[in-house]
Amino acid sequence: MANSKYEYVKSFEVETKLMPSTWIVLRIDGRHFHQFSDEHEFEKPNDERALRLMNACAKAMFEEFPDIVFSYGVSDEYSFVFKKATEFYNRRSSKIASITASFFSAAYAIKWKEFFPDNDLKSIPSFDARTVCYPSIKIVRDYLAWRQVDCHINNQYNTCFWMLVKSGKTKSQAQAELKGTQTQDKNEILFQQFGINYAELPEIFRKGSCVFKDKVEEIVKYNEKGPVKRLRNKVIIDHCDIIGDKFWKDHANILED
Ligand code: ATP
Ligand code: ATP
Ligand code: MG
Ligand code: MG
Ligand code: MG
Ligand code: MG
């Protein structure tokens with residue numbers, strides 16, 4: 001099979017090798033999810049089942065690809081940070097993006113019924129993926145902070161928008177009412193008109209979701225003295241603040257060199 005006269009076509013392939021010794025950040029985003037979420041009657045602004053399905057797919061990614069050290073998800077997107085020294089697919093961007101996006105899409109379809117037992121999957125879900133190399137911990141953290149700030153801004157806007165729409169305004173009236181408003185104004189609208197304290201909304205909506213490994217104390221068996229506990233490395237899904245320093249101080253091993 002080797003060395004046929006057609007082999008030369010291989011030389012047209014372009015390498016897409018990512019820079020060594022940098023954190024590879026992969027971001028996956030649902031394709032046409034505005035439409036997909038309408039078609040599947042997602043609750044607005046936040047369908048918790050859909051968020052939990054995304055989290056389950058991210059957890060499956062963690063279990064399948066051991067070089068992932070951290071991931072952060074909001075709406076129809078998920079970012080995955082690979083460790084700095086990863087040699088996953090020889091750091092070939094097209095391999096990494098295509099394999100992970102297809103894995104994530106397949107996981108989404110397979111797990112759909114677990115989270116939407118009463119809704120049929122009516123179309124084929126697909127996700128795009130891109131890879132970016134970041135050369136320092138500071139920049140990786142700034143990247144993650146950028147996504148979490150985006151989550152906050154979008155969620156606050158969408159919460160106001162959908163409360164106005166659900167209270168009888170048209171979409172364009174709601175849009176007009178929110179035009180030019182600042183964070184404080186939106187909090188006021190929610191509180192004055194709807195009695196909602198934004199800070200008390202579920203963390204999964206306000207902060208997005210983080211997936212990472214952590215040591216967790218687990219009961220492994222019981223003996224005559226009572227439960228026997230061990231520290232186990234487990235994949236955790238949490239809704240932490242990843243903008244401030246605390247999380248990164250408490251989990252300094254995640255982004256270590
Ligand atoms: P593209 O293919 O360019 O990514 P898109 O339609 O997926 O287009 P996005 O900017 O990615 O656009 O936005 C995703 C949209 O999916 C959101 O605006 C929202 O309408 C919807 N969506 C995603 N997740 C949820 C959720 N958990 N609950 C409700 N709506 C959601
Ligand atoms: P990689 O992840 O590098 O692509 P691979 O295991 O998928 O590794 P390939 O070179 O792509 O390796 O080969 C695919 C293999 O899958 C074949 O060698 C064969 O063993 C198996 N395979 C694929 N399609 C079929 C099929 N229709 N019937 C039987 N075996 C198949
Ligand atoms: Mg997009
Ligand atoms: Mg999308
Ligand atoms: Mg999106
Ligand atoms: Mg193959």
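Let me start with helix 2, where the 17 residues, counted at 1.5 Å a residue, should span 24 Å, and the end C-alpha atoms are indeed 24 Å apart, so the two values agree; the expected span here is 1.5 Å times one less than the number of residues in the helix. Helices, meaning DSSP runs of H or I with at least four residues, and strands, meaning runs of E with at least two, are numbered from the N terminus. Before I go on, please keep in mind that this is a predicted model, in which local features need a pLDDT of at least 70 and side-chain atom pairs count only at pLDDT 80 or more, while totals for chains, interfaces and linings use all residues. Residues are numbered from 1 along each chain as its sequence is written, and chains are lettered from A and ligands numbered from 1 in the order in which they are written.

Staying with helix 2, which of its residues are buried? They are Ala50, Leu51, Leu53, Met54, Asn55, Cys57, Ala58 and Met61, where buried means that 20 or more other C-beta atoms, placed from the backbone, lie within 10 Å of the residue's own, exposed means 12 or fewer, and partly exposed is anything in between. As a reminder, an α-helix has 3.6 residues a turn, so residues three or four places apart point the same way. The buried residues of helix 2 pack against strand 2 (68–74), strand 3, helix 3, helix 7 (203–207), strand 5 (209–223) and strand 6 (226–238).

That leads to the core. The largest nonpolar core, a set of buried Ala, Val, Leu, Ile, Met, Phe, Trp, Tyr and Cys residues joined through C-beta atoms within 7 Å, has 32 residues, of which Leu26, Met54, Cys57, Phe80, Val81, Phe82 and Phe104 touch the most other members. At least two residues of this core come from each of several elements, among them strand 1, helix 3, strand 4 (127–134) and helix 4 (137–166), but the largest share, 7 residues, is supplied by helix 2. As for Phe80, if we leave aside its neighbours within four places in sequence, its contacts (C-beta atoms, placed from the backbone, within 7 Å) are Leu26, Met61, Ile68 and Ser71.

Stepping back to the protein chain, there are 8 helices and 6 strands, and buried residues make up 23% of its 257 residues. Its C-alpha atoms fill a box of roughly 70 × 65 × 40 Å along the principal axes, and among contacts between residues at least 6 apart in sequence, 69% join residues at least 24 apart. Helix 5 (residues 171–178) lies largely in the open, because the number of buried residues among its 8 is 0, and it is followed by Gly180, whose phi is positive, near 80°.

Now to ligand 1. Of the 15 residues around ligand 1, Phe33, His34, Phe42, Asp47 and Ala50 come nearest, a residue being near when its C-beta atom, placed from the backbone, lies within 6 Å. Which element gives the most to this shell? Helix 1 does, with 3 residues, although strand 1 (23–30), helix 1 (33–39) and helix 2 (48–64) each supply at least two. By class, the shell divides into 4 nonpolar, 6 polar and 5 charged residues, with Ala, Val, Leu, Ile, Met, Phe, Trp, Tyr, Cys and Pro counted as nonpolar, Asp, Glu, Lys and Arg as charged, and the others, Gly among them, as polar.

An unreviewed UniProt entry lists Asp29, Gly30, Arg31, His32, Phe33, His34, Ser75 and Asp76 under "binding site". These residues are spread over 48 residues of sequence, yet they cluster in space, with a largest C-alpha distance of 12.3 Å. I would add that such annotations, given in the numbering used here and with feature names shortened, may be inferred rather than shown by experiment. Within that list, Gly30 lies in strand 1 and counts as buried because it has 21 C-beta neighbours inside 10 Å, whereas His32, in the loop between strand 1 and helix 1, is partly exposed, with 13 other C-beta atoms within 10 Å.

Finally, some backbone details. Most residues other than glycine have a negative phi, and most peptide bonds are trans. Lys44 and Pro45, however, are joined by a cis peptide bond, with omega about 5°, and Pro45 is found in the loop between helix 1 and helix 2. Arg91, which is not a glycine, has a positive phi of about 60° and lies in the loop between strand 3 (77–82) and helix 3 (93–115).

Technical notes: Contact = placed C-beta atoms within 7 Å.
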